[in-house]
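Here's a quick tour of one protein model, written for someone who would rather look at it than read a coordinate file. Have the viewer open as you go.

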Amino acid sequence: MPRKDVLDHLSRLYAASDDPWDHRSSSYEAGKYDATLAAIGDGPFDNALEIGCGNGTLARRLVPLCRNLTVIECIPAAAALARAALASCRRARVIHGTAPQDLPQLRPDLVLLSEVLYFLTPGEIRDLGRWLLAHSAGPVVAVHWTGATDEPLDGTAAVALLADMLGPPATDDRGAYRIDRFDPCRAGTISVPGRST
């Protein structure tokens with residue numbers, strides 16, 4: 001569970017706006033989503049998972065690539081917005097909760113982490129990494145801002161913590177943001193901190 005101050009901060013943002021980072025209208029966000037989908041590939045994915053889906057803007061673009069899509073969001077207002085955004089998508093389900101604690105039993109063949117890791121603590125990133133090692137059946141794609149954040153971790157440090165668990169990613173450095181593609185299935189065959197092989 002993200003720290004209470006992080007949850008309170010994100011809840012205030014969503015109380016003030018249904019699109020606090022202009023995901024629906026920003027040309028920067030649209031370009032980043034295009035690059036993210038290109039990194040993900042054409043699919044189709046049988047069971048995709050997006051962790052930290054926000055208001056569901058990227059999830060709507062992900063749906064056509066997926067036979068089934070599960071998204072999870074810890075902020076109630078954001079989860080409600082995602083549910084509304086995906087209401088017409090019968091292949092998508094929205095969970096209000098935190099990952100990995102509230103995830104159902106699933107074996108995703110794609111996991112997307114877009115602008116989420118730096119809201120977690122190092123311990124939470126390690127817990128998530130262990131879950132991904134145990135459950136992922138395909139790539140994990142992480143997309144993060146590379147500039148300064150208001151959080152203890154920036155994008156580069158947060159991704160490095162995940163790499164400690166999943167092994168080195170293939171990285172596409174776009175300047176303002178980075179896209180990291182991990183292969184946890186392959187990482188599961190080597191020695192990883194906190195996991196017996």
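What follows covers the main pocket, one helix pair and a few backbone oddities.

Keep in mind that this is a predicted model.

**The pocket**

Start with the largest pocket, which has a volume of about 780 Å³. Its lining is made up of 39 residues. If you want to find the middle of it, look for Trp21, Glu115, Val116, Tyr118 and Phe119, the lining residues that lie nearest the centre.

Several elements chip in to the lining of this pocket. On the helix side, α1 (4-16), α2 (27-40) and α3 (57-62) each supply at least two residues. The strands β1 (48-51), β2 (69-73) and β4 (110-114) each supply at least two residues as well. Sorted by class, the lining has 22 nonpolar residues, along with 10 polar and seven charged ones.

**A pair of helices**

Now move on to α5 (residues 122-135) and α6 (residues 155-166). These two helices pack with their axes 9 Å apart, at an angle of about 40°. Angles from 65 to 115 degrees count as roughly perpendicular and those under 35 as roughly parallel, so α5 and α6 are oblique to each other. Their crossing is right-handed.

Who touches whom? From α5, the contact uses Pro122, Ile125, Arg126, Gly129, Arg130, Leu132 and Leu133. From α6, the contact uses Ala158, Leu161, Leu162, Met165 and Leu166. By class, the residues of this contact come out as nine nonpolar, one polar and two charged.

**Backbone oddities**

Two peptide bonds leading into prolines are cis, and both are worth a click in the viewer. Here they are side by side:

| Peptide bond | Form | Omega |
|---|---|---|
| Gly43 to Pro44 | cis | near 0° |
| Ala99 to Pro100 | cis | near 5° |

Where do these prolines sit? Pro44 is in the loop between α2 and β1, while Pro100 is in the loop between β3 (92-96) and β4. Both α2 and β4 have come up already, as elements that each supply at least two residues to the pocket lining.

One more residue to check is Asp22. Its phi is positive, at about 55°, although Asp22 is not a glycine. You'll find Asp22 in the loop between α1 and α2.

Technical notes: Residues are numbered from 1 along each chain as its sequence is written. This is a predicted model: local features need pLDDT of at least 70, side-chain atom pairs count only at pLDDT 80 or more; totals for chains, interfaces and linings use all residues. Side-chain values use heavy atoms; hydrogens and water are left out. On a 1 Å grid over the protein atoms alone, a cavity is a set of points where a 1.4 Å probe fits but cannot get out, and a pocket is an open set with protein on both sides within 12 Å along at least five of seven lines; lining residues have an atom within 4 Å of a point. Grid points are joined across faces, edges and corners, and a volume is the space filled by probe spheres set on the points. Helices (H or I, at least four residues) and strands (E, at least two) are DSSP runs, numbered from the N terminus. Ala, Val, Leu, Ile, Met, Phe, Trp, Tyr, Cys and Pro count as nonpolar, Asp, Glu, Lys and Arg as charged, and the others, Gly among them, as polar. Axes are lines fitted to C-alpha atoms, for helices over the stretch in contact, and angles run from 0 to 180 degrees between N-to-C directions. Angles under 35 degrees count as roughly parallel, over 145 as roughly antiparallel, 65 to 115 as roughly perpendicular and the rest as oblique. A crossing is left-handed if the near helix is turned anticlockwise from the far one by less than a right angle, and right-handed if clockwise. Contact means heavy atoms within 4.5 Å.
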